[in-house]
Amino acid sequence: MPQLLRVQNFTVSRDGIGAGADQGPDRPFGHVDPAQLFTWASATASWPGRTEPGGSRGLDDCFTRDFACGIGAEIMGRNKFGPQRGPWQDHQWRGWWGDEPPFHTPVFVMTHHPRPSFALGDTTFHFVGGEPAAVLERAREAAEGRDVRLGGGIATVREFLDADLVDTLHVAVAPLELGSGLRLWDSPEQLLDRFHLEVVPSPSGVAHHLFWRK
């Protein structure tokens, strides 16, 4: 089976916005409140941040539970890793996820500024330059036959879409409008020249958009 490049559980507003401006150490999504976007996932029984029993079952929980299924590596943009820009000034910054990041695979952070790799728990972060196709090749090798997840953010997903490297996307469209911010699309129909699309509504109000290559 071919190794797929997959976008999973990527959440945007009804007007296509997935993050805001003014990102900072305490604001990974800038002016956008991630709790608004990810209500559908955080309410599920399988949400990794859940500290109390309970949570919903059903469609939303299925997507949350299967986030890591078949994934052997992740690619992310530098802005998903952290808020620093330009040359690295603070190597003490190791991402927003604490000592046990949720990836559990090699992670390839795309950046123009090299930095030594490091491990937190069973996740190793590598800082790599190059075109999307070259980064994907490295990630596929590290994934050892499993698929590669394209984790974001918005600019990175768009870059890989523009390079025609994405095989499948699951985009959860939350039932709110944000008005301004970083936009994945003006309409999901923009992708229909290359992808099939099925939209599955959830009782939570989110609409799961499932794309697969034609």
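## The cysteines

At 51% relative accessibility, Cys-69 counts as exposed. Cys-62 has a relative accessibility of 31%, so this residue counts as partly exposed. Please keep in mind that the model you are looking at is a predicted one.

Are these two cysteines paired or unpaired? A disulfide is a covalent bond between the sulfur atoms of two cysteines. The whole structure was searched, and the search turned up 0 disulfides. Cys-62 takes part in none, with the sulfur of Cys-69 as its nearest cysteine sulfur, 9.5 Å away. Why is Cys-69 not bonded to Cys-62? Because the closest cysteine sulfur to that of Cys-69 is the one in Cys-62, and 9.5 Å is too far for a bond; the cut-off used here is 2.5 Å.

## The nonpolar cores

Now to the interior. The largest nonpolar core has 29 residues, and those that touch the most other members are Ile-75, Phe-160, Val-166 and Leu-169. Several elements each supply at least two residues of this core: strand 1, strand 3 (71-77), strand 4 (106-110), helix 5 (132-143), strand 7 (147-152), helix 6 (154-162) and strand 8. Another core lies apart from this one; it has 11 residues, including Trp-93, Val-107, Phe-118 and Phe-127.

Leu-169 is a good residue to click on. If you set aside neighbours within four places in sequence, Leu-169 is in contact with Val-7, Leu-161, Leu-191, Phe-195, His-209, Leu-210 and Phe-211.

## Helix 6 and what follows

Which residues of helix 6 are buried? They are Ile-154, Thr-156, Val-157, Phe-160 and Leu-161. It helps to recall that an α-helix has 3.6 residues a turn, so residues three or four places apart point the same way. Just after helix 6 comes Asp-164, with a positive phi of about 60°.

## The second largest pocket

The second largest pocket holds about 200 Å³ of space. Its lining is made up of 13 residues, and Arg-6, Val-7, Gln-8, Phe-63 and His-170 are the closest to its centre. Strand 1 (5-12), helix 3 (59-65), strand 8 (168-173) and strand 11 (207-213) are the elements that give two or more residues to this lining.

Which element gives the most to the lining of the second largest pocket? That is strand 1, with 4 residues. Sorted by class, the lining of this pocket has 7 nonpolar residues, alongside 4 polar and 2 charged ones. Val-7 links two parts of this report: this residue is among the closest to the pocket centre, and Val-7 is also in contact with Leu-169.

Definitions and conventions:
Residues numbered from 1 in each chain as written. Predicted model: local features only at pLDDT ≥ 70, side-chain atom pairs only at ≥ 80, totals over all residues. Heavy atoms only, no water. 1 Å grid on protein atoms, 1.4 Å probe; cavity = no way out; pocket = protein on both sides within 12 Å on 5 of 7 lines; lining within 4 Å. Points joined across faces, edges and corners; volume = space filled by probe spheres on them. Nonpolar A, V, L, I, M, F, W, Y, C, P; charged D, E, K, R; others polar. Buried < 20%, exposed > 50% of the residue type's maximum accessible area, 1.4 Å probe, protein only. Core = buried A, V, L, I, M, F, W, Y, C linked by side-chain atoms within 4.5 Å. Contact = heavy atoms within 4.5 Å.
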